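Trainee: I should like to go through this structure and ask, for each term, what justifies it.
Mentor: Please do; we shall set each value against its definition.
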Amino acid sequence: MSSHREAPEIAQDPVADSTDVYAFVSPDRPDTVTLIANYVPLQEPAGGPNFYEFGDDVLYSINIDNDGDGKADIRYDFRFTTEVRNPNTFLYNTGPILSLDSPNWNRRQFYTVTRRVSGGQDQVLGTRIPSPPCNIGPLSTPNYVNLANAAIRDLGGGRRVFCGQRNEGFYVDLGAVFDLLNPRPFADLHIKFGLPSAPKSGPGVNATKDLNVHTIALQVPISDLTKDGWTGTNVSDPRATIGVWTAASRKRVRMFDFDLSNTWSTGPFRQVSRLAMPLLNEVVIPMGQKDFWNTQAPDGDARFSKYLRKPEVAQLLPVLFPGVFPRLDVLNKSGKDRTDIVAILHTGIPAGLIPGFQNFTGPVEADMMRLNTAIRPSATPNINGLLGGDLAGFPNGRRVFDDVVAIELKALAGVTYALVDKTFTPDAAAAQLDDGVTPSSLRIPFLNRFPYLGTPLDGFNTPAR
Amino acid sequence: MVDAQQASVFSRRKAILTGAGLVAAGAVGGLATAELAAANPQLVSAENPTVPVMVHLRDVPTGKFDVFFGDTLVSVVDINFAAKLAEVATTIQPQS
């Protein structure tokens with residue numbers, strides 16, 4: 001998945017598991033950028049009585065680098081606090097929840113947002129901001145859209161925030177991808193290992209169709225993020241591009257105190273999860289490095305560069321699909337570095353490769369989602385982003401609907417290598433490589449307004465479908 | 001540094017072996033109170049006795065302790081106390 005359960009340790013810690021990052025110039029407020037960080041993956045909507053929530057003991061951060069050194073210049077911190085009205089019932093709610101201050105809602109969560117500037121003063125943007133409840137069902141949350149809308153809060157200065165449950169917008173055919181990299185549309189071409197039961201080709205299946213996720217969404221003026229508050233329209237200006245990543249941190253010590261029948265944590269926070277570009281830690285970084293990768297800051301990512309220069313997926317494709325990727329096979333065997341993948345994932349794409357576009361942040365290799373804020377939102381967005389000729393889409397930031405799985409599969413298959421080596425002609429199959437799911441594979445549509453991710457599925461109806 | 005009285009208080013607290021190190025946990029009042037107070041007097045004052053403090057004996061030969069409290073980590077060195085804890089860890093049967 002993008003980064004759901006992507007590393008052994010964080011797979012055991014869902015509330016701290018960064019699953020997706022989105023960063024885009026807001027289509028309905030193009031003077032702002034929307035930043036979205038998702039956590040708590042693969043939520044089955046009926047998962048009560050202890051429904052999903054953020055971790056009170058987790059520090060959630062959205063980091064911004066605006067000078068290309070891979071270090072955070074601006075950071076938005078989110079800390080959550082859970083309050084229980086009545087500990088003497090097992091119920092999440094004792095009647096319909098019709099408002100965020102409903103006395104029927106037994107287990108509520110509030111949060112604080114703090115803006116931190118490197119070398120500057122911390123600015124608390126909001127305190128005791130309520131998260132909405134999870135979407136439980138028609139008796140408990142009969143007007144869920146109203147509850148969610150009430151949880152969108154103005155922070156002043158053109159900023160707004162939402163933290164709470166959303167429908168999972170990351171569409172992907174997990175079952176096929178992780179069954180030995182076998183996208184269903186390509187299944188007939190996949191090696192069969194001599195098995196008579198090997199799957200036949202068919203349409204993709206969205207594995208996340210009936211699942212929810214928890215979202216931290218922040219919309220802020222572009223000037224809040226760029227170096228010196230730059231808000232120009234010159235795409236080539238180095239100040240136009242920001243790098244975004246999220247992190248989750250836990251205190252270094254946790255005590256399971258049997259005498260006091262509780263747990264407590266203490267000491268400084270240390271990062272346990274991070275995320276920027278989708279699928280990087282998932283399918284590029286090897287298993288033995290994934291947990292370590294999650295603890296590191298982006299400015300040291302040069303140490304992982306070798307995995308991008310010889311990406312394992314690119315090596316596997318000619319093996320798993322015999323005869324389908326002959327040119328990729330030759331490229332692999334040439335030993336040449338995949339500098340296209342390094343550019344996409346670690347440095348940004350320099351000027352001169354794609355007309356009218358760059359999101360290069362300099363030579364420092366760092367996993368950041370690079371967004372050129374001078375590029376306006378597209379009036380006719382293409383889910384294939386840059387590969388589809390849409391300069392406002394992935395990997396120029398990431399919009400909620402961008403088909404990041406297909407884009408990265410195509411890139412790893414060699415489509416983007418032609419950008420850095422004009423003599424290279426990609427295999428015909430490379431441009432077709434796809435897991436076969438699109439936003440039409442979602443059960444809940446995206447919103448055309450903040451927070452853009454759709455209304456979460458409710459627990460009563462979802463299993464009944 | 002830790003005096004004998006503090007060490008005896010500490011020795012009555014639970015000790016858990018974790019790999020090569022020794023982790024000890026308890027409310028304020030055990031190890032290296034002076035150093036903690038200097039680092040953050042509000043956190044470890046007598047008026048606030050329940051702030052969790054975790055002490056990790058990181059390295060027995062050098063006597064280096066990590067002391068965790070609040071959002072802070074401080075290092076304390078006490079070779080004699082480290083040796084005493086190591087002796088406890090090797091001579092007493094762990095509680096199940």
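Trainee: Which residue in strand 6 of chain A is the bridge partner of F110(A)?
Mentor: The partner of F110(A) is P130(A). Please keep in mind that this is a predicted model.

Trainee: What makes strand 5 and strand 6 of chain A a pair?
Mentor: Two strands pair if DSSP finds at least two bridges between them. Strand 5 and strand 6 (residues 123–130) of chain A are joined over five bridges in the antiparallel sense, so they satisfy that criterion. They form a hairpin with five residues between them, and G119(A) in the turn has a positive phi of about 80°.

Trainee: How do you know that strand 4 and strand 5 of chain A pair?
Mentor: The criterion is again at least two bridges. Strand 4 (residues 74–84) and strand 5 (residues 107–117) of chain A pair over 11 bridges, in the antiparallel sense. One of the bridges places I74(A) against V117(A) of strand 5 of chain A.

Trainee: Why are strand 1 and strand 7 of chain A called edge strands?
Mentor: The sheet in question is open, with five strands of chain A in the order 1-2-9-8-7 and antiparallel pairing. Strand 1 (20–25) and strand 7 (153–156) of chain A each pair on one side only. Strand 7 of chain A meets strand 8 (residues 159–167) of chain A over three bridges, and D154(A) stands opposite R160(A) in strand 8 of chain A. Direction ignored, neighbouring strands of the sheet are turned by 20° against each other on average.

Trainee: Is P41(A) buried or exposed, and what makes it so?
Mentor: A residue is buried if 20 or more other C-beta atoms lie within 10 Å of its own. P41(A) has 26 C-beta neighbours inside 10 Å and therefore counts as buried. P41(A) lies in strand 2 (residues 32–43) of chain A. Leaving aside neighbours within four places in sequence, the residues in contact with P41(A) are H4(A), R5(A), P14(A), D17(A), T19(A) and V213(A).

Trainee: Why are helix 6 and helix 7 of chain A called oblique to each other?
Mentor: The axes of helix 6 (residues 312–320) and helix 7 (residues 326–334) of chain A cross at roughly 130° and come within 9 Å. Angles over 145 degrees count as roughly antiparallel, and 65 to 115 as roughly perpendicular. The crossing angle of roughly 130° fits neither range, and the two helices of chain A are therefore oblique. The crossing of helix 6 of chain A with helix 7 of chain A is left-handed. Helix 6 of chain A contributes A314(A), Q315(A), L317(A) and P318(A) to the contact, while helix 7 of chain A contributes L328(A), D329(A) and N332(A). By class, the residues of this contact are four nonpolar, two polar and one charged.

Trainee: Which elements of chain B give two or more residues to the side that touches chain A?
Mentor: The contact takes eight residues from chain A and 10 residues from chain B. The elements concerned are strand 3 (52–59), strand 4 (64–69) and strand 5 (72–77) of chain B. Strand 3 of chain B gives the largest share, three residues. The side of chain B that touches chain A has seven nonpolar, two polar and one charged residues.

Trainee: What pattern does chain B follow along its sequence?
Mentor: Chain B reads α-β-β-α-β-β-β-α, with three helices and five strands. Of its 96 residues, 28% are buried.

Note on methods:
Residues are numbered from 1 along each chain as its sequence is written. Chains are lettered from A and ligands numbered from 1 in the order in which they are written. This is a predicted model: local features need pLDDT of at least 70, side-chain atom pairs count only at pLDDT 80 or more; totals for chains, interfaces and linings use all residues. Two residues are in contact if their C-beta atoms, placed from the backbone, lie within 7 Å. Helices (H or I, at least four residues) and strands (E, at least two) are DSSP runs, numbered from the N terminus. Ala, Val, Leu, Ile, Met, Phe, Trp, Tyr, Cys and Pro count as nonpolar, Asp, Glu, Lys and Arg as charged, and the others, Gly among them, as polar. Axes are lines fitted to C-alpha atoms, for helices over the stretch in contact, and angles run from 0 to 180 degrees between N-to-C directions. Angles under 35 degrees count as roughly parallel, over 145 as roughly antiparallel, 65 to 115 as roughly perpendicular and the rest as oblique. A crossing is left-handed if the near helix is turned anticlockwise from the far one by less than a right angle, and right-handed if clockwise. A residue is buried if 20 or more other C-beta atoms lie within 10 Å of its own, exposed if 12 or fewer, and partly exposed in between; C-beta atoms are placed from the backbone.
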